[in-house]
Amino acid sequence: MNKRLTIIGGGIMGLSAAYAALRAGWRVQILDRALAPTQASWAGAGLITAANPERASHPLERLCGLSNAIYDRWSRDLLAETGIDNEYTRCGGFHIARSRGDAAALAGALVEWHDNGVEARWVEREELCAAFGPGFDPKHSVLRAAHVPDERQVRNPRHLLALRKAIRQRGGELVELAAEIRLVRCDSRLIVQMPDGNELTGETLCLCAGAWSQQLLEPCGIRLPITPIRGQMLLYHLDRPLFSSILYEGSRYVVPRRDGHVLVGATVEEAGFDCDTTVAGVEELRHFAASCHAALGPKRMARSWAGLRPASFDGLPYLGRLNGIDNAVVATAQFRNGLQLAPVFAELALDLLRGETLPSEFDIFSLDRLAKV
Ligand SMILES: Cc1cc2nc3c(=O)[nH]c(=O)nc-3n(C[C@H](O)[C@H](O)[C@H](O)COP(=O)(O)OP(=O)(O)OC[C@H]3O[C@@H](n4cnc5c(N)ncnc54)[C@H](O)[C@@H]3O)c2cc1C
């Protein structure tokens, strides 16, 4: 008989876990409160950073590389299954520096890319102008730049649509509730309390509630420190696509979609569960956009939004079983890499749910580390 899995949270993590489980022959239901547009998975930019799983020096970097390979497969399969193109593309990225300090940091990043087996090289202004057109860097303030050809992107709202459609087609249930579900603890098991008062006992659970994971577990007396980190984003609309590569400056970026839309992000702020944009945040990003490309003027700005990234106390994701609980695995807190890491976390979570032990290099993500804080 098929094993049955209940997933709490229908963001990228929950949907990816469901898709992986359905592919492996499980029966799956996903429980989410009515899906809000400010869900981090919708709000994100869809950057998929370059990573080489064979040469990566850190397990998180290795997981990024492994996830990229799963994106290659899943994107093909999702297109064939659903007809939805998630626009997963190896578009390449240019990283720019405008101060001596940032140029030194970029030189350090270049060494790190090389050490980790990621192709990267310095480029001159002519190459940047060729990639981005005559509107690039209108004030001529870029000092140095590097090109990383293996940077990728996925159009995350479309990827979410494709996952939802594929999940339904494969017989998975997506239950969108008007209110939050609650968990209660009964000895070594977690029980799901539905908003209508019904209880689901005997479920195998995968907890993927993103920034709200701590709130979900608190009533059970389980501590899972998560800080919501707000990210604000702007959307521009150009009449036609002017460039196809991603432009990065430190933690900010410009991401061109295929149809002329351009995303500009993102702020990194601690603002609790406040998911509104702010005048200061939008202004900062508008200024950044205009400094990158003359086409990104205020008249081209179409909308802005914000989302909450789930961050753990030490910056590493949580992946593992909860101490003293037999029927649940947690997969969350991927912070700025949640869209990228979801496929590989989904497959590893499934291994844990099957009772398997993960390779010891991934112990750093285990929830055992909470005992020490
Ligand atoms: C502006 C911005 C830019 C980003 N850019 C990138 C990027 O380029 N690349 C990248 O890899 N990552 C990026 N991220 C990070 C990424 O979006 C997140 O790490 C990821 O989406 C988290 O996914 P999730 O499924 O864990 O959480 P979410 O997408 O937040 O989903 C959690 C779900 O759980 C549900 N839920 C919570 N509590 C309950 C409950 N009690 N009952 C029922 N349902 C519940 C919520 O309704 C929600 O649907 C970005 C994030 C932001 C905000």
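The following dialogue asks how several descriptions of this predicted model are reached.

Biologist: Why is L128 called buried?

Modeller: A residue counts as buried if 20 or more other C-beta atoms lie within 10 Å of its own. L128 has 20 other C-beta atoms within 10 Å, and therefore L128 is called buried. This residue is found in helix 5 (residues 125-132).

Biologist: Which residues is L128 in contact with, leaving aside its neighbours within four places in sequence?

Modeller: They are F94, V123, F136, V142 and A145. Two residues are in contact if their C-beta atoms lie within 7 Å, so each of these five pairings with L128 meets that limit.

Biologist: How far apart are L128 and L22 in sequence and in space?

Modeller: L128 and L22 are 106 residues apart in sequence, and 44 Å separate them in space, C-alpha to C-alpha.

Biologist: What makes the crossing of helix 3 and helix 6 describable in numbers?

Modeller: Two packed helices are described by the angle between their axes and the distance between the axes. For helix 3 (residues 59-82) and helix 6 (residues 156-169), the angle is about 65° and the axes are 10 Å apart.

Biologist: Why is this crossing called left-handed?

Modeller: The term requires the near helix to be turned anticlockwise from the far one by less than a right angle. Helix 3 passes helix 6 in a left-handed crossing, so this is the sense of the turn here.

Biologist: Which residues make the contact between these two helices?

Modeller: Helix 3 supplies L78, E81 and T82, while helix 6 supplies A162, L163, K165, A166 and Q169. By class, the contact has four nonpolar, two polar and two charged residues.

Biologist: How is the chain divided into domains?

Modeller: Domain 1 comprises 4-85 + 156-225 + 314-372, and domain 2 comprises 93-149 + 227-312. Their centres, taken over C-alpha atoms, are 28 Å apart. The contact between them takes 29 residues from domain 1 and 24 residues from domain 2. On the side of domain 1 that touches domain 2, there are 14 nonpolar, 10 polar and five charged residues.

Biologist: How do you know that both domains take part in the shell around the ligand?

Modeller: The shell draws at least three residues from each of domain 1 and domain 2, and one may conclude that both take part. Of the 42 residues around the ligand, G11, G210, G231, G307 and G338 come nearest. Among the elements that give two or more residues to this shell are helix 1 (12-23) and strand 13 (226-237). The shell has 20 nonpolar, 17 polar and five charged residues.

Technical notes
Residues are numbered from 1 along each chain as its sequence is written. This is a predicted model: local features need pLDDT of at least 70, side-chain atom pairs count only at pLDDT 80 or more; totals for chains, interfaces and linings use all residues. Domain bounds come from an automatic or database domain assignment. Ala, Val, Leu, Ile, Met, Phe, Trp, Tyr, Cys and Pro count as nonpolar, Asp, Glu, Lys and Arg as charged, and the others, Gly among them, as polar. A residue is near a molecule or strand if its C-beta atom, placed from the backbone, lies within 6 Å of it. Helices (H or I, at least four residues) and strands (E, at least two) are DSSP runs, numbered from the N terminus. Axes are lines fitted to C-alpha atoms, for helices over the stretch in contact, and angles run from 0 to 180 degrees between N-to-C directions. A residue is buried if 20 or more other C-beta atoms lie within 10 Å of its own, exposed if 12 or fewer, and partly exposed in between; C-beta atoms are placed from the backbone.
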